[in-house]
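Please load the model in your viewer and keep the selection panel at hand. The tour below moves from one selection to the next and says what is found at each stop.

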Amino acid sequence: MDKREFSPPSPRATVKRLARRASYDPAIVNAILDAGVVAHVAFVHGEQPFVIPMAYVRRDRELVLHGAAANRTLEIGASGVAMSACVTLIDGLVYARSAFHHSVNYRSVVVFGRARDVTDFAEKRALLDALVDRMAPGRARQVRAPNDKELHATRVIALPIDEASAKVRTGGPIDDPEDLTVPVWTGQLPVAIRSMSHIATPDDAHTYELPAKPPGID
C-alpha cells in the first residue's frame, strides 16, 4: 500500500529524518504494536525527562499500561500530562562495506498523547484480561480474575493512538559506488525474539496444558 495515502496525524508525529521510511497507516502502526512486548514510555516530571520500559497491550485505538496504584509513571500519566510511547522491533543487523553504512533493520512506532485514567471496575477488568491474554491468548479465562482489593491496588491508564507514526527499514546495505571493491563480507543477519522451553513451577503445573505463545514470539 502506498504510504503517501496516509497523512501525518500532527506535526509532532511527522517523521522528518528519512521520511520515506515512515508510515501513518493505522494498519501498519497496529501491526507493529501487536507484535511488540515492551513499550518505552516517556514523560517529563519536575523538569526531568524519564523513559520507563513497560509491558502493554493494544486495545482498539488505545495503548493500555498497568502497574501498582502508586506507580509514578501511571500516576503522572493519569493526571493528563503529555506522554509518548515507543515500541521497536529489531529484525536484523546490516553489514556494509563502510562503517558509515552499517545499519539495523527495524520496525518502530512512536505514539504521542495524553492518557486517561481507567477507574470503572468493569472496564479495568476487561483491560487487565487483555494484558493477560497478550502473554498467552485465552489465559484470562483460565486463571482467577482479580478481586476488588487487587483492582484497587492496580492502576490502568490508556494512551490514545490518534497521534502515531511508524518507521521501517528493510533490505541490505546501501553501499557507495566507490566502496564496492572493498574486500569484506556484506549482507544481513536476521534477528528475532524467540521463546525457549517452558519452565514449570515445582508443583503439579506439568500436568496441565502449556500456555499458548503470544503473538510475535516464535
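Which residues lie nearest the centre of the largest pocket? In this predicted model, select Leu131, Val132, Arg134, Met135 and Ala136, which are the ones nearest that centre among the 29 residues that line the largest pocket. The volume of this pocket comes to about 670 Å³.

Next, select residues 121-135, which form helix H3, and keep the pocket in view: six residues of the lining come from this helix, the largest share of the lining of the largest pocket. If you then colour the whole lining of the largest pocket by residue class, you should find 17 nonpolar residues, together with six polar and six charged ones.

Now move to the second largest pocket, which holds about 360 Å³ of space. Select Arg139, Ala205, Glu209, Leu210 and Pro211, which lie nearest the centre of this second pocket, whose lining is made up of 13 residues. Coloured by class as before, the lining of the second largest pocket separates into seven nonpolar, four polar and two charged residues.

For the last stop, leave the pockets and select residues 22-23, the strand E1, in which serine 23 is found. Is serine 23 buried or exposed? Serine 23 counts as buried because its relative accessibility is 1%, where the cut-off for buried is under 20%. Finally, display the backbone of aspartate 25 along with the side chain of serine 23: a polar atom of that side chain lies 3.2 Å from the backbone nitrogen of aspartate 25.

Note on methods:
Residues numbered from 1 in each chain as written. Predicted model: local features only at pLDDT ≥ 70, side-chain atom pairs only at ≥ 80, totals over all residues. Heavy atoms only, no water. 1 Å grid on protein atoms, 1.4 Å probe; cavity = no way out; pocket = protein on both sides within 12 Å on 5 of 7 lines; lining within 4 Å. Points joined across faces, edges and corners; volume = space filled by probe spheres on them. Helix = DSSP H or I, 4+ residues; strand = E, 2+ residues; numbered from the N terminus. Nonpolar A, V, L, I, M, F, W, Y, C, P; charged D, E, K, R; others polar. Buried < 20%, exposed > 50% of the residue type's maximum accessible area, 1.4 Å probe, protein only. Polar contact = N/O pair within 3.5 Å; in protein donor to acceptor, adjacent residues only side chain to side chain.
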